[in-house]
Amino acid sequence: MILGPPEQIDSATRAFCETISREVPLYVRVEPAPDAKPAYCFDNSVAQALRHGGEAVYGWAIWRWPGRWFEAEHHAVWRRPDGDLLDVTPQAGDPPRVLFLPDPSAPYDPATFRPNIMAPDGHEALVREYIALVAKRGEITRPYWEPGMDVLPLFSPEDQQRIAPIDARMAELRAAMG
């Protein structure tokens with residue numbers, strides 16, 4: 001699977017972003033702060049602002065698996081005192097930049113879970129099925145989420161039985177998609 005920042009902001013990328021926010025997506029350089037933890041973008045951005053001035057800016061990191069899907073992940077970056085944006089959180093795969101979509105309507109609230117937003121990049125039936133399974137899995141697992149949760153919860157035996165075939169089919173689809 002090759003999910004990463006879109007290589008360019010083309011019409012398909014812009015169309016996906018427009019379904020999420022009226023703001024304009026932009027590339028932001030990734031320079032992890034020395035004490036930044038992966039997956040803690042909200043804490044990392046606020047800590048950087050407290051140390052160096054500026055502020056945390058909330059929105060979405062936009063990812064793309066070309067020909068498969070787009071995915072928006074709730075994210076925060078640091079706005080330096082000079083106005084430049086910088087992603088101070090280490091990213092999987094160490095990309096030099098991320099595509100960031102500011103969204104003033106999506107501030108960080110530890111009591112509010114914001115699931116990733118997915119949409120097909122093309123019309124392949126396998127992709128559409130995969131995205132539907134992600135949503136179905138989320139419907140089962142989301143009630144287990146609690147603010148501040150750092151580890152996956154233990155699902156009830158009934159929900160484990162509901163999740164198992166979804167996970168198996170998702171693995172088959174990922175393998176079939178390459």
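User: What phi does glycine 178 take just after H4?

Analyst: In this predicted model, glycine 178 has a positive phi of about 90°. It directly follows helix H4, which covers residues 157-177.

User: How do you know that the length of H4 agrees with that of a helix?

Analyst: H4 has 21 residues, and at 1.5 Å a residue these should span 30 Å. The end C-alpha atoms of H4 are 30 Å apart, so the two values agree.

User: Why are H3 and H4 called roughly antiparallel?

Analyst: The axes of H3 (residues 125-141) and H4 cross at roughly 155° and come within 10 Å. Angles over 145 degrees count as roughly antiparallel, and H3 and H4 are therefore described that way. The crossing of H3 past H4 is left-handed.

User: Which residues make the contact of H3 with H4?

Analyst: Among them are Leu126, Tyr130 and Leu133 in H3, and Ile163, Ile166 and Met170 in H4. The residues of this contact divide into 12 nonpolar, 1 polar and 8 charged.

User: Which residues in H4 are buried, and what do they pack against?

Analyst: Buried means under 20% relative accessible area. In H4 this applies to Asp159, Ile163, Ile166, Met170, Leu173 and Met177. The buried residues of H4 pack against strand S2 (55-65), strand S3 (69-79) and H3.

User: What covers the buried residues of H2?

Analyst: The cover includes S2 and S3. The buried residues of H2 are Cys41, Phe42, Asn44, Ser45, Gln48 and Ala49. Just after H2, glycine 53 takes a positive phi of about 85°.

Terms used. Residues are numbered from 1 along each chain as its sequence is written. This is a predicted model: local features need pLDDT of at least 70, side-chain atom pairs count only at pLDDT 80 or more; totals for chains, interfaces and linings use all residues. Side-chain values use heavy atoms; hydrogens and water are left out. Axes are lines fitted to C-alpha atoms, for helices over the stretch in contact, and angles run from 0 to 180 degrees between N-to-C directions. Helices (H or I, at least four residues) and strands (E, at least two) are DSSP runs, numbered from the N terminus. Angles under 35 degrees count as roughly parallel, over 145 as roughly antiparallel, 65 to 115 as roughly perpendicular and the rest as oblique. A crossing is left-handed if the near helix is turned anticlockwise from the far one by less than a right angle, and right-handed if clockwise. Contact means heavy atoms within 4.5 Å. Ala, Val, Leu, Ile, Met, Phe, Trp, Tyr, Cys and Pro count as nonpolar, Asp, Glu, Lys and Arg as charged, and the others, Gly among them, as polar. The expected span of a helix is 1.5 Å times one less than its number of residues. Buried means under 20% relative accessible area, exposed over 50%, partly exposed in between (1.4 Å probe, protein chains only).
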